[in-house]
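Please walk me through this structure. I am new to it and would like short answers.

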Amino acid sequence: MLNRRALAMLRAVGAGRAELTCSCEPDLRVDGLPCCDQATAHELARAGLIRPARGPVVTVGQWTRAELTDDGRLALGGTLAAA
């Protein structure tokens, strides 16, 4: 079960307000600011709920837009209310 902070992070990703670093343990920033809970960001990525957006090829360590996976959308119950 996801806590409120994790759900808020998912909503921010779903709203197009988040970026991830391309790495095996991606860092997250929302609205250009580093997320205060990188451990949760890592857990969301490891759980397959968020990922770097598909598009131009980026190298390891670069920032790119974050997106929800299908499982991430399901975790939100199909809703993308404001974070």
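The questions below cover a helix and a loop.

This is a predicted model, where local features need pLDDT of at least 70, side-chain atom pairs count only at pLDDT 80 or more, and totals for chains, interfaces and linings use all residues. Residues are numbered from 1 along each chain as its sequence is written, and side-chain values use heavy atoms, with hydrogens and water left out.

Q: Is His42 buried or exposed?
A: Buried means under 20% relative accessible area, exposed over 50%, partly exposed in between (1.4 Å probe, protein chains only). His42 has a relative accessible area of 18%, so His42 is buried.

Q: Which residues does His42 touch, not counting residues up to four places away in sequence?
A: Contact means heavy atoms within 4.5 Å. The side chain of His42 reaches the backbone oxygen of Pro26 at 3.4 Å. The residues touched, with that sequence limit, are Glu25, Pro26 and Asp27.

Q: Which elements do the buried residues of α2 pack against?
A: Helices (H or I, at least four residues) and strands (E, at least two) are DSSP runs, numbered from the N terminus. Helix α2 spans residues 38-46, and its buried residues are Thr40, Ala41, His42 and Leu44. They pack against α1 (4-14), β2 (28-30) and β4 (50-52).

Q: How many Å apart in space are Thr69 and Gly48, C-alpha to C-alpha?
A: Thr69 lies in the loop between β5 (63-68) and α3 (70-75). Gly48 follows α2 and has a positive phi, near 80°. Thr69 touches Gly48. The two are 21 residues apart in sequence, and their C-alpha to C-alpha distance is 6.8 Å.

Methods:
A polar contact is a pair of N or O atoms within 3.5 Å; within protein, one must be able to donate a hydrogen and the other to accept it, and residues adjacent in sequence count only if both atoms are side-chain atoms.
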